[in-house]
Amino acid sequence: MYDRTMLLELFLEIEEAIRRIERRFSGITSPDDFLRDDNGLDRLDGIAMMLVAIGKNIN
């Protein structure tokens, strides 16, 4: 079982991951934007990694 401090830390990590996802989505207007160049692919990779981190924290 988690104590309150540990839960708070997990929620803060999830919140930070969401902020990063929002920042990486800025300027993306269509799915093709992710595939247009290396910058788009890097954004897609970063977003995917943040989603994995959120999933691990929730699990």
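A surface patch, as the term is used here, joins residues with over 30% relative accessible area and no salt bridge, and nonpolar side chains are linked within 5 Å. The model on display is predicted.

Begin by selecting Leu35, Leu41 and Leu44. These residues make up a nonpolar patch on the surface, and together they offer about 260 Å² of accessible area. Within this patch, centre the view on Leu35, which belongs to helix 2, spanning residues 32-35. Leu35 counts as exposed because its relative accessible area is 60%, and the threshold for that class is over 50%.

Next, select the aromatic side chains Phe25 and Phe34. The count of aromatic pairs comes to one. Phe25 and Phe34 form an edge-to-face pair, with 5.7 Å from centre to centre and 75 degrees between the planes. A pair of aromatic rings is described by precisely these two quantities, the distance of the centres and the angle of the planes. Show the surface as well and consider each partner in turn. Phe25 is partly exposed, at a relative accessible area of 39%, whereas Phe34 is buried, at 9%.

Finally, move to Asn57, located in helix 3, which covers residues 38-58. Is Asn57 buried or exposed? Its relative accessibility is 19%, so Asn57 counts as buried, the limit for that class being under 20%. To see what surrounds this residue, add Leu10, Glu13 and Ile14 to the selection: Asn57 touches these residues, when those up to four places away in sequence are not counted.

Methods. Residues numbered from 1 in each chain as written. Predicted model: local features only at pLDDT ≥ 70, side-chain atom pairs only at ≥ 80, totals over all residues. Heavy atoms only, no water. Patch = residues over 30% accessible without salt bridge, like charges linked within 9 Å, V, L, I, M, F, W, Y side chains within 5 Å. Areas by Shrake-Rupley, 256 points an atom, 1.4 Å probe, with all protein chains shown as cover. Salt bridge = Lys/Arg side-chain N within 4 Å of Asp/Glu carboxyl O. Helix = DSSP H or I, 4+ residues; strand = E, 2+ residues; numbered from the N terminus. Buried < 20%, exposed > 50% of the residue type's maximum accessible area, 1.4 Å probe, protein only. Phe/Tyr/Trp six-rings, centres within 6.5 Å; stacked < 30°, edge-to-face > 60°. Contact = heavy atoms within 4.5 Å.
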